[in-house]
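Me: I would like to work through a protein model step by step, with each answer explained before its value is given. Could we begin once the structure is on the page?

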Amino acid sequence: MRLIPKLSRAATAFGGALLLSTAVACADFLTVSNPNVINRDEIDPVQDATTLANSAQQSYQSALGWLIMYGSWFQGETLVAETFPTRNEFGRREVVAANGSLNADVWFPLSQSISGNALVAELALPNPDTNINYVRAHTWLGYGFLLMAEQFCEGTTRGGPSLDTNTMLDSAIANFGVAITKGTANGSAAAVQLANISRVGRARARLQRGLNADALADATSVPAGFTFSFTHLDDPGNRTRLSNRMWQFTFDRGSITVAPAFQVNDPRVPYQLPGQHSLAAQDPNSGPFVIQRKYPAYTSPIRVASKLEADYIAAEINGNAAQLALINTRRAAAGLTPYAGAVDNASVLREFMRQKHLDFYLEGQRFGDWRRVPAAVTDVPVPGSTYFKPGFSPVGNQTCYPLPLAETDNNPNFTP
């Protein structure tokens with residue numbers, strides 16, 4: 001009998017917490033003697049793989065919503081309209097390893113999605129060179145490693161050792177490569193879509209890694225007009241997994257208020273001021289509750305990969321003239337006048353990043369950009385400055401998250 005090795009506590013419960021999107025072929029698939037392992041011999045690689053792959057994709061989708069929201073607090077897209085001290089640590093950029101929200105809301109969903117997609121990638125499936133379940137699993141494995149690399153100072157997966165940023169990015173690049181190869185070989189519309197999602201993801205990972213020529217090749221290979229968004233459902237009993245996280249934490253719990261730097265007259269960042277809505281902030285000391293309207297419903301989609309993102313990657317690599325051209329294209333699309341500021345490289349890159357972060361507001365793009373080119377990303381909370389609401393210590397100087405104690409204390413193979 002072959003078993004998946006027991007994972008650290010933060011990465012376990014895949015078998016118990018997994019919410020399957022369709023009926024499972026094996027009637028007793030979730031009946032396991034040990035909740036920390038899944039018996040591979042009880043998985044039918046033909047009938048169950050699609051269910052597993054779709055469910056693992058859904059795990060990544062759910063994790064993405066959490067990471068977008070917490071990341072928006074950390075790097076200044078939104079303010080924390082919350083009473084939870086653990087969530088205000090993200091707004092203050094002073095997140096400690098014992099932070100319960102870091103583990104429950106950020107690390108666990110991400111590590112769970114990586115574990116689930118890795119499970120699918122390791123199955124012995126028919127037609128291995130073209131099997132779409134492999135394509136799906138490697139696509140979201142790639143994005144799982146990419147988000148881990150962009151947001152965490154170090155990583156680990158499935159009870160393994162510490163991974164530095166470059167190793168996490170290399171893992172993302174490798175998984176995207178498998179998805180591109182197998183998806184192209186499969187040739188179906190769904191597989192080709194996943195391959196193009198992976199091209200955008202690999203371009204982003206290669207840019208983060210400093211592999212500019214390879215990133216440019218990926219970015220220019222994304223077809224014109226391509227875009228992919230996750231869709232969401234309004235299931236009142238399961239909104240945390242299936243609904244749009246930003247609307248959930250705007251409407252159900254008033255946790256997100258648009259930061260002043262993004263309260264601008266620009267259609268890419270729609271918002272409502274107090275008096276234009278009837279919602280209330282969770283913490284009344286948060287100041288005016290300015291709600292985001294980019295995602296106005298539980299069912300609002302979230303863009304994941306697009307030709308527009310690929311164009312931004314290509315223009316960043318190609319330099320000043322390409323950046324200026326895209327700046328003015330995007331300003332014109334938003335109904336703004338052409339850029340009239342300084343045209344030295346540093347000034348243009350700042351305006352370029354500003355336009356990018358308006359285009360991709362609350363889509364999880366800004367965190368990685370800030371870590372890669374920090375001087376070009378404006379309006380991030382300044383270390384030592386006074387936090388925006390009373391009763392909290394000043395803003396810290398973190399640029400990434402630590403791993404939670406729930407992971408490091410229970411991972412026997414982890415060596416910092």
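Me: Which residue does a disulfide join to C153?
Reply: This is a predicted model, and a disulfide is recognised when a pair of cysteine sulfur atoms lies within 2.5 Å. In this model the S to S distance for C153 and its partner is 2.1 Å, and the structure holds one disulfide. The residue joined to C153 is C400.

Me: How many residues apart in sequence are the parts that this pair ties together?
Reply: C153 lies in the loop between α5 (132-151) and α6 (165-186), while C400 lies in the loop between α14 (366-372) and α15 (405-408). Because the two cysteines sit in these loops, the pair ties together parts whose separation in sequence is 247 residues.

Me: Is the disulfide of C153 and C400 right-handed or left-handed?
Reply: The handedness follows from the torsion about the S-S bond, which for C153 and C400 is about 105 degrees. With that torsion, the disulfide is right-handed.

Me: Is C400 buried or exposed?
Reply: A residue counts as buried when its relative accessible area is under 20%. Its partner C153, at 33% relative accessibility, counts as partly exposed. For C400 the relative accessible area is 9%, so C400 is buried.

Me: Which strand gives the most to the lining of the largest pocket?
Reply: The largest pocket has a volume of about 220 Å³, and of the 18 residues that line this pocket, the closest to its centre are G76, L79, G91, P381 and F388. By class, the lining has twelve nonpolar, five polar and one charged residues. The strand that gives the most, with three residues, spans residues 78-80 and is β1.

Me: Which residues does A185 touch, not counting those up to four places away in sequence?
Reply: A185 lies in helix α6 and, at 48% relative accessibility, counts as partly exposed. A185 and T130 are 55 residues apart in sequence, yet their C-alpha atoms are 5.6 Å apart in space. Leaving out residues up to four places away in sequence, A185 touches D129 and T130.

Me: Over which residues is the pLDDT below 50?
Reply: For the protein as a whole the mean pLDDT is 91, and 89% of its residues reach 70 or more. One stretch has a pLDDT below 50, although beyond near neighbours in sequence this stretch has 74 contacts in the model, and the stretch is residues 1-37.

Definitions and conventions. Residues numbered from 1 in each chain as written. Predicted model: local features only at pLDDT ≥ 70, side-chain atom pairs only at ≥ 80, totals over all residues. Heavy atoms only, no water. Helix = DSSP H or I, 4+ residues; strand = E, 2+ residues; numbered from the N terminus. Buried < 20%, exposed > 50% of the residue type's maximum accessible area, 1.4 Å probe, protein only. 1 Å grid on protein atoms, 1.4 Å probe; cavity = no way out; pocket = protein on both sides within 12 Å on 5 of 7 lines; lining within 4 Å. Points joined across faces, edges and corners; volume = space filled by probe spheres on them. Nonpolar A, V, L, I, M, F, W, Y, C, P; charged D, E, K, R; others polar. pLDDT = per-residue confidence, 0-100. Contact = heavy atoms within 4.5 Å.
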